[in-house]
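Dear colleague,

I am passing on the structure below, followed by some notes on what was found in it. Please read the notes with the coordinates open.

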Amino acid sequence: MNTLKHFFLAILIISIVQSCIVSEKPNIDFFQNSKYDFKGAQFASINVPMVLAKSYIKKALREEGESEETINLVKKASKIKVLTVTNGNQEMLNDYAQYLNDNHYEEWATIKHDGDNINVRVKQDGDIIKKMLLTVGSKNNEVVFVDVKGNFTANDISKMISSVSDK
């Protein structure tokens, strides 16, 4: 019986750790299109297991002095995917923005923060926001895409945007 418990514990640990593998293949829908010519862009993607990440993310945000609105938003997240792109270009970003428009994502804010441009888009189902996409673009053709799934309200997102905009 004890061996059986250890076996199931080992399977659980392996499945949790496996979900946090870094890959060179894109993990966000638009970038998974094999027919699109990304013209030398390089990708690194991470699927963040929320079981492990929530407490770590909240602690890091508190240490950096982030607002409680941002920390509360993390509590409502159920899945986070991160994709970094190096050697991206403006045409690719424009095509990505068109893809989001075609798939009913609403642009909520564009924020300039520490020299980076942060774009916030959401996909709503009634009053509930099920997906939030953050695009962080820097001056040197590096872009980070963060795909957050959860159950957010418009008020949650607005408070988070306001807290970032105030800094």
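**Strand 2 and its contacts**

Leaving aside neighbours within four places in sequence, Gln 42 is in contact (heavy atoms within 4.5 Å) with Thr 84, Val 85, Thr 86 and Asn 87. This is a predicted model, in which local features need pLDDT of at least 70 and side-chain atom pairs count only at pLDDT 80 or more, while totals for chains, interfaces and linings use all residues. Residues are numbered from 1 along each chain as its sequence is written, and side-chain values use heavy atoms, with hydrogens and water left out.

Gln 42 belongs to strand 2 (residues 42-48), where strands are DSSP runs of E with at least two residues and helices are runs of H or I with at least four, both numbered from the N terminus. Its C-alpha atom is separated by 5.2 Å from that of Thr 86, 44 residues apart along the chain.

**The cores**

The largest nonpolar core (buried Ala, Val, Leu, Ile, Met, Phe, Trp, Tyr and Cys residues joined through side-chain atoms within 4.5 Å; buried means under 20% relative accessible area, exposed over 50%, partly exposed in between, with a 1.4 Å probe and protein chains only) has 20 residues, of which Val 120, Met 132, Val 148, Phe 152, Ile 157 and Ile 161 touch the most other members. Among the elements that give two or more residues to this core are helix 2 (50-63) and helix 5 (154-165). A second, separate core of 16 residues includes Phe 31, Phe 43, Val 85 and Phe 145.

**A loop residue**

His 104, in the loop between helix 4 (90-102) and strand 4, has a positive phi of about 65° although it is not a glycine. His 104 is exposed, with a relative accessible area of 61%.

With best regards
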